[in-house]
Amino acid sequence: MFQGSKTLRELNYGAFPFDPARIDAVTLTHAHTDHSGLLPKLVKHGFQGSIHSTEPTRDLCAVMLPDSGHIQEMDVEKYNRRRSRQGREAVSPIYTMEDAGRCLKQFDAVDYDVWKEVAPGITARYWNAGHMLGSASIELVVRSADDGEPLTVFFSGDIGPNHKLLQPDPEAPAGCDYVVCESTFGAKDRLERSGDERRRMLCEEVSRAAKKGGALLIPSFAVERTQEVVTDLMQLMDEGAIPRTAVFIDSPLANKASEVFLDHADELENGNTLRRAFAHPQLRLSQTVDDSKAIGRLGGFHIVIAASGMCDAGRIRHHLKNHLWRRETTVLIVGFQAQATLGRLLLDGARTVRIHGEDVRVRAGIRSMREYSGHADGPELGTWLAARAPIRRGLFLVHGEGDARAALAERLPRELLPQQRIFQPQIDDVYDLDAETARALSTHRQRRIAPDTAARLDWHNDLTSLVLDINETVEAATDERARGVIIRRVRRALEKPGK
Ligand SMILES: [Zn+2]
């Protein structure tokens, strides 16, 4: 599922660039929405085969996909109300909760480290990618039509960092024909994050927030990030390193995901610490809207963890609206914030933000920690790839913005493979893998969008940021007269030239 700019997200509504009915099988690396979010749409449009995933991935999808279907239905309802006021016809959701339920029946569980035939002539082996509960890198062996050597292709999926709280370090084989590797943080230099270091930093942030005496709001992704932060928080509280206070998880999705984590605690690193944290008397799980409203009425130091992770939807927005204008509040950002999201605006120091149609002054302290990243950083990706040697025919760098992919290509040791065998494909490219190295096919269908728009901010983002800049400048002006001058100048710039 495409995430990010509006232009990119609109692709989710368009047709697939292939016929879903002709797909034999899906091999799924992990449950994150950008990897799994369009599976119900694939089924809705005719895919009848199996979706092969690990058991925890299936269990997480059983929670996340219906939730995603529900969000699609809600979004479209709002969008259609606006369209009907404009006299335009209604559109239908990408998929519904019911579609998601149907798709779940096609999941087929796979164990790590065991070969399985996933489609005629194709066997797969899943390796633990250490990125999140159930995450895998997938090795595929494709039988050759003329009884020659089979073709081996290894898909990294998303790769976790070393020292991740609930995950082992990533595991993978060496000696494949092709490797398809993610490059999300290919341009990021080393992030130091041993478990002790990460907890020490969290301890500092919480202690600072406690001294200010207001709410500590932690916007968090519902799956894995919430469970990691809670595990660290409760451990710090038990050690007496931070004051005892109520910790609320105000997210029905996070609470359902936590149940899946507890079911699979034996398969996780530090599974017992996770169990202890979720049995902690100071941990409160909020379910209903009334629970959520009751939290909103609390004063003094307390901790609220709520989704969404980038503050662009969900209950966190209510809490932010309630607390951002108070000096004693702290907001602690623990995840990646995409351009143009509310989380990113806060991180970038916005003085006023708009929530539910109201302008809210930002007086709270805005803090951030990068130590909870779910992805390997640049040096870790480079080391991971070097350990896959020999890569016989070609390497594809995917799942990263342009500079991240280029930076990762730079990091690779020269002897790993020649530059002309490292590919940085664009959206909708098609390659023939049968020859000595990959060959781009020029005969493929037209691209859905120009390659350089994929990772770029679009005009929607530019417009939002322009309007915010105008507001800020006008507000910062010394008096009425100065404000009038700025507004007249902006108006003049909007007039057609020569008028
Ligand atoms: Zn992921």
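In the predicted model, helix H5, which spans residues 97-104, has Asp-99, Ala-100 and Cys-103 among its residues as buried positions. These three residues cover an arc of only 100 degrees around the helix axis, which puts them on the same side of H5. Such an arrangement fits the geometry of the α-helix, in which there are 3.6 residues a turn, so that residues three or four places apart point the same way. The partners against which the buried residues of H5 pack are helix H3 (39-44), strand S2 (50-54), helix H4 (55-85) and strand S3 (107-110).

The chain to which this helix belongs contains 16 helices and 20 strands. For its 499 residues, a compact globule would be expected to have a radius of gyration near 23 Å, and the 24 Å computed for the chain agrees with that expectation. Taken along the principal axes, the box filled by the C-alpha atoms is roughly 80 × 70 × 50 Å. Buried residues make up 48% of the 499 residues of the chain. Among contacts with a separation of 6 or more, 73% are formed by residues that are 24 or more positions apart. The chain exposes about 24,800 Å², and carbon and sulfur atoms supply 50% of this area.

A zinc ion is present in the model, coordinated by His-30 through NE2, His-32 through ND1, His-131 through NE2 and Asp-158 through OD, at 2.2 to 2.3 Å. The angles among the 4 donor atoms run from 88 to 168 degrees, and the site of the zinc ion is accordingly classed as irregular. Along the sequence, the donor residues of the zinc ion follow the spacing H-x1-H-x98-H-x26-D. His-30 lies in the loop between strand S1 (25-27) and helix H2 (33-36), whereas Asp-158 lies in the loop between strand S7 (151-155) and strand S8 (176-182), so this pair of donors ties together parts of the chain that are 128 residues apart in sequence. Both belong to the buried part of the chain, with a relative accessible area of 0% for His-30 and of 2% for Asp-158.

Several features of the backbone also deserve mention, since most residues other than glycine have a negative phi, and most peptide bonds are trans. The peptide bond from Ala-307 to Ser-308 is cis, with omega near 5 degrees, and Ser-308 is located in the loop that runs between strand S12 (302-306) and helix H11 (316-323). The loop between S12 and H11 also holds Cys-311, a residue that is not a glycine and yet has a positive phi of about 65 degrees. Cys-311 is buried, its relative accessible area being 0%.

A cis peptide bond is likewise found from Ala-389 to Pro-390, where omega is near -5 degrees. Pro-390 belongs to the loop between helix H13 (378-386) and strand S17 (391-398). In the loop between S17 and helix H14 (402-411) lies His-399, for which phi is near 55 degrees, a positive value in a residue other than glycine. His-399 is partly exposed, with a relative accessible area of 34%, whereas Cys-311 is buried.

Technical notes. Residues numbered from 1 in each chain as written. Predicted model: local features only at pLDDT ≥ 70, side-chain atom pairs only at ≥ 80, totals over all residues. Heavy atoms only, no water. Helix = DSSP H or I, 4+ residues; strand = E, 2+ residues; numbered from the N terminus. Buried < 20%, exposed > 50% of the residue type's maximum accessible area, 1.4 Å probe, protein only. Arc of directions from axis to C-beta. Contact = heavy atoms within 4.5 Å. Donors = N, O, S within 2.8 Å, 3.2 Å for Na, K, Ca; no water. Tetrahedral: all angles 85-135°; square planar, octahedral: opposite > 155°, others 65-115°. Rg over C-alpha atoms; globule rule 2.2 N^0.38 Å. Areas by Shrake-Rupley, 256 points an atom, 1.4 Å probe, with all protein chains shown as cover.
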